[in-house]
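Welcome to this short briefing on a protein model. Take a moment to turn the structure around on your screen, then work through the points below one topic at a time.

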Amino acid sequence: VLDFWAPWCGPCRALMPHLEEVHQATREQGVVVLASCTADTRENYEKFVHDNSERYSFLFAHDPNGKTSDSASKTLYNVTGIPTQYVIGRDGLIIDAIVGGNAGRLAAALQKAGVTLPGEGGAQTAAN
């Protein structure tokens, strides 16, 4: 799961607890959650990560070109707004793109990828 976010983005910050839940529920299956800070300074990114280091255990990264047209989010993933998430399969292909941080769509995309998610009454697995 590749999540593009920024510390100043309220919807991005509101999504972080859900990303932690996804990380905790799927990491044993080899799922990686990477939150890539875009559209903000390294200083603001580092402050956010430091202040939240006990809350979030998934991976964080900062795009040094995040505030420019050369950012990875723009040049590689055509991101026009945040939060934006990509579920990328083990084969490197994008399974789904989710703009706006929709927990239900993220769960559905992970299931499309064959990831088992905890659900009511036990685990659920979606066929590929």
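Leu93 touches Val87 and Ile88, leaving out residues up to four places away in sequence. You will find Leu93 in the loop between β4 and β5 (94–99). Please keep in mind that this is a predicted model, so the confidence scores further down deserve a look too.

**More about Leu93**

- Is Leu93 buried or exposed? Leu93 counts as exposed, because its relative accessibility is 54% and the exposed class begins over 50%.
- For a sense of distance, try Leu93 and Glu46: they are 47 residues apart in sequence, and their C-alpha atoms are 30 Å apart in space.

**The overall build**

- The protein has 4 helices and 7 strands.
- The radius of gyration is 14 Å, close to the 14 Å that the globule rule gives for 128 residues, so the protein is as compact as a globular protein of that length.
- If you walk along the sequence, you meet the elements in the pattern β-α-β-α-β-α-β-β-α-β-β.
- Measured out along its principal axes, the C-alpha trace spans about 45 × 30 × 20 Å.- Of the contacts with a separation of 6 or more, 57% are between residues 24 or more positions apart.

**Surface and charge**

- Buried residues make up 38% of the 128 residues.
- The protein exposes about 7100 Å², and carbon and sulfur atoms supply 51% of that area.
- How many charged side chains are there of each sign? There are 10 positive and 14 negative ones, and the centres of the two sets lie 3 Å apart.

**Asp3, a buried residue in a strand**

- Asp3 sits in strand β1, which covers residues 2–5.
- Asp3 counts as buried because its relative accessibility is 0%, and buried means under 20%.
- Which residues does Asp3 touch, not counting those up to four places away in sequence? The list is Leu15, Met16, Leu19, Leu34, Ala35, Ser36, Pro83, Thr84 and Gln85.
- One of these contacts is Met16; the C-alpha atoms of Asp3 and Met16 are separated by 9.6 Å, and the two residues are 13 apart along the chain.

**His23, a buried residue in a helix**

- His23 belongs to helix α1, which runs over residues 10–26.
- With a relative accessible area of 11%, His23 is buried.
- Setting aside neighbours within four places in sequence, His23 is in contact with Val33, Ser57 and Phe58.

**Backbone features to look for**

- Here is a helpful rule to start with: most residues other than glycine have a negative phi, and most peptide bonds are trans.
- Ala39 is not a glycine, yet it has a positive phi of about 65°.
- Ala39 lies in the loop between β2 (34–37) and α2 (42–51), and Ala39 is partly exposed, with a relative accessible area of 25%.
- Asn78 also has a positive phi, of about 55°, although it is not a glycine.
- Where is Asn78? Look in the loop between α3 and β4, where Asn78 is exposed, with a relative accessible area of 60%.
- The peptide bond joining Ile82 and Pro83 is cis, with omega at about 0°.
- Pro83 is found in the loop between α3 (72–75) and β4 (84–88), and Pro83 is one of the residues that Asp3 touches.

**Gly114, in a loop after a helix**

- Gly114 is in the loop between α4 (103–112) and β6 (117–119).
- Gly114 is partly exposed, at a relative accessible area of 30%.
- How far is Gly114 from Cys9, C-alpha to C-alpha? The separation is 30 Å, and the two residues are 105 apart along the chain.

**Confidence in the model**

- The pLDDT averages 89 for the protein, and 92% of the residues score at least 70.
- Over residues 120–128 the pLDDT is below 50, and this stretch has 18 contacts in the model beyond near neighbours in sequence.

Key: Residues are numbered from 1 along each chain as its sequence is written. This is a predicted model: local features need pLDDT of at least 70, side-chain atom pairs count only at pLDDT 80 or more; totals for chains, interfaces and linings use all residues. Side-chain values use heavy atoms; hydrogens and water are left out. Helices (H or I, at least four residues) and strands (E, at least two) are DSSP runs, numbered from the N terminus. The radius of gyration is taken over C-alpha atoms; the globule rule is 2.2 Å times the number of residues to the power 0.38. Buried means under 20% relative accessible area, exposed over 50%, partly exposed in between (1.4 Å probe, protein chains only). Contact means heavy atoms within 4.5 Å. Accessible areas come from the Shrake-Rupley method with a 1.4 Å probe; for residues, only the protein chains shown count as cover. Lys and Arg count as positive and Asp and Glu as negative; His and the chain ends are not counted. The place of a charge is taken as NZ of Lys, CZ of Arg, CG of Asp or CD of Glu. pLDDT is the predictor's confidence in each residue, from 0 to 100.
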